[in-house]
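The following exercises concern the structure shown below. Each task is followed by a worked solution.

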Amino acid sequence: MSEVAQTALQIANSTERDVVRGPDAGFLWDFWYPALCGSEITGRRLVTAMLLEVPLVLGRTSTGKAFAMRDSCPHRGIPLSYGRFDGQAVECSYHGWKFEACTGQCVEIPSLSSQDKLRVERIFAGHYPCEERDGYVWVYMTAPGSRVPEGVPEAPQLPVFSEKFKITRLSCEIPSHVDQGIIGLMDPAHGPFVHQSWYWRSRRSIHEKEKHFEPIPNGFRMSRHEPSSNSAPYKLLRYFSGEATTTMIDFVLPNMRLEEIRSGHLWFSSRATVTPVRRDLSRIDFVAAWNLVRWMPLVVPIFRVFAKKFLKQDQQTMIQQAEGLKHNPHLMLIDDADRPAKWYFALKSNLLAARSDGSTMVHPMHGPVTLRWRS
């Protein structure tokens, strides 16, 4: 077994309890994470969220720009979310210190007298880059104690392939470390057991599959292929288009699964993210867009019903898994069905190693790979 594979197995065999008790929560910093839906921020209302165990306060300026600050006043630590917001600056409820919303820079300390020489403008509350995409407010989470790096990339955006399309969003929480949620997200073998239903698949439909994978920056891709014939949604798309249907699936660090389905002029694009809230709590955010414009009034409510049930099944399974992980079981990964999970752990480990010594990240895949499993 290669050194990379051994490392992946060692990380995979670390239990939920090990991750939670350790000093390092196993998070990946310096990436964008979705904090909440933009519709939750209205007017001058301040809202709270937690990402990677960092408490945040979010709002929207009078010009409509979303902002994110650490929910803690640098003076005495009281949450800034208890304060007031005038559309430009957040005022602490304890002593009235004011901080410019989009930079975190202090602009006023009411208690200072004319004799004080304190440079107010040198004081900053914790602040994070913030952008809105696909109806979500994304926050770029820099590591504690570090500055925002220059050249922060743009926040992720769901790929769409026409001007007219419909978009929908769903989310659920899972009582698991982000690693468990992510390897569940890319697991190809649980479908016939967790997602049994007339419109998806059943145990009777299990058969051997062969898929081709290739490396991409910070991730890997299941190459474009015809999707499973035992899944009703793909059959429905073929029915509407009258042409062959293909799908392509990407996983990209830190937490994104992207799927692109094409059938003639019709397309379906989706993104699922598993975001760490705390060491023992994560949130799955799912957003999908499609251009079935002609059937829009019928498709949207039907899709939401099916998608909610799908997410609920995954959520229930993760809740049940969390019960078992409390008891510190020995875990294992197998080939080929668990190879994507091994790639994830190796990608994560290699990225952290590269950041630590300033080297170039080594991709665990050296080229295209063919995997086979039954599902």
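Of the 375 residues of the protein, 50% count as buried, where buried means under 20% relative accessible area, exposed over 50%, and partly exposed in between (1.4 Å probe, protein chains only). The model is predicted: local features need pLDDT of at least 70, side-chain atom pairs count only at pLDDT 80 or more, and totals for chains, interfaces and linings use all residues. Residues are numbered from 1 along each chain as its sequence is written, and side-chain values use heavy atoms, with hydrogens and water left out.

**Exercise 1. Describe the overall make-up of the protein.**

Solution. Begin with secondary structure: the protein has 7 helices and 19 strands. These are DSSP runs, helices being H or I of at least four residues and strands E of at least two, numbered from the N terminus. Next, consider contacts, defined as heavy atoms within 4.5 Å. Among contacts with a separation of 6 or more, 60% come from residues 24 or more positions apart. Finally, the exposed surface is about 18,800 Å², of which carbon and sulfur atoms supply 52%; accessible areas come from the Shrake-Rupley method with a 1.4 Å probe, and for residues only the protein chains shown count as cover.

**Exercise 2. Determine how strand β1 is placed and paired.**

Solution. Strand β1 covers residues 31-37, and 6 of its 7 residues are buried, so the strand is largely enclosed by the rest of the structure. Its pairing follows from the rule that two strands pair if DSSP finds at least two bridges between them. Strand β11 (residues 136-141) is joined to β1 by 6 bridges, and the two run antiparallel. Within this pairing, Tyr33 lies opposite Val139 of β11.

**Exercise 3. Work out the order of the four-stranded open sheet and identify its edges.**

Solution. The strand order is β2-β3-β4-β9, with antiparallel pairing. The edges are β2 (47-51) and β9 (127-128); each has a single partner strand, so one side of each is left without a neighbour in the sheet. Inside the sheet, 5 bridges connect β3 (residues 54-60) with β4 (residues 66-70). One bridge partner can be named: Arg60 is matched with Ala66 in β4.

**Exercise 4. Locate the largest cavity and characterise its lining.**

Solution. A cavity is a set of points, on a 1 Å grid over the protein atoms alone, where a 1.4 Å probe fits but cannot get out; lining residues have an atom within 4 Å of a point. The search of the whole structure gives 1 cavity of 30 Å³ or more. The largest cavity has a volume of about 50 Å³, a volume being the space filled by probe spheres set on the points, which are joined across faces, edges and corners. Its lining includes Tyr33, Val178, Ile182, Pro254, Tyr344 and Lys348. Helices α3 (178-185) and α7 (339-357) each supply at least two lining residues. By class, the lining has 8 nonpolar, 2 polar and 1 charged residues; Ala, Val, Leu, Ile, Met, Phe, Trp, Tyr, Cys and Pro count as nonpolar, Asp, Glu, Lys and Arg as charged, and the others, Gly among them, as polar.

**Exercise 5. Examine the backbone geometry in three loops.**

Solution. Pro254 lies in the loop between β15 (245-252) and β16 (256-263), and the peptide bond from Leu253 to Pro254 is cis, with omega near 10 degrees. Glu53, in the loop between β2 and β3, has a positive phi of about 65 degrees although it is not a glycine. Asn218, in the loop between β13 (208-216) and β14 (219-225), likewise is not a glycine and has a positive phi of about 60 degrees. Glu53 counts as partly exposed at 30% relative accessibility, and Asn218 counts as partly exposed at 28%.

Key: On a 1 Å grid over the protein atoms alone, a cavity is a set of points where a 1.4 Å probe fits but cannot get out, and a pocket is an open set with protein on both sides within 12 Å along at least five of seven lines; lining residues have an atom within 4 Å of a point.
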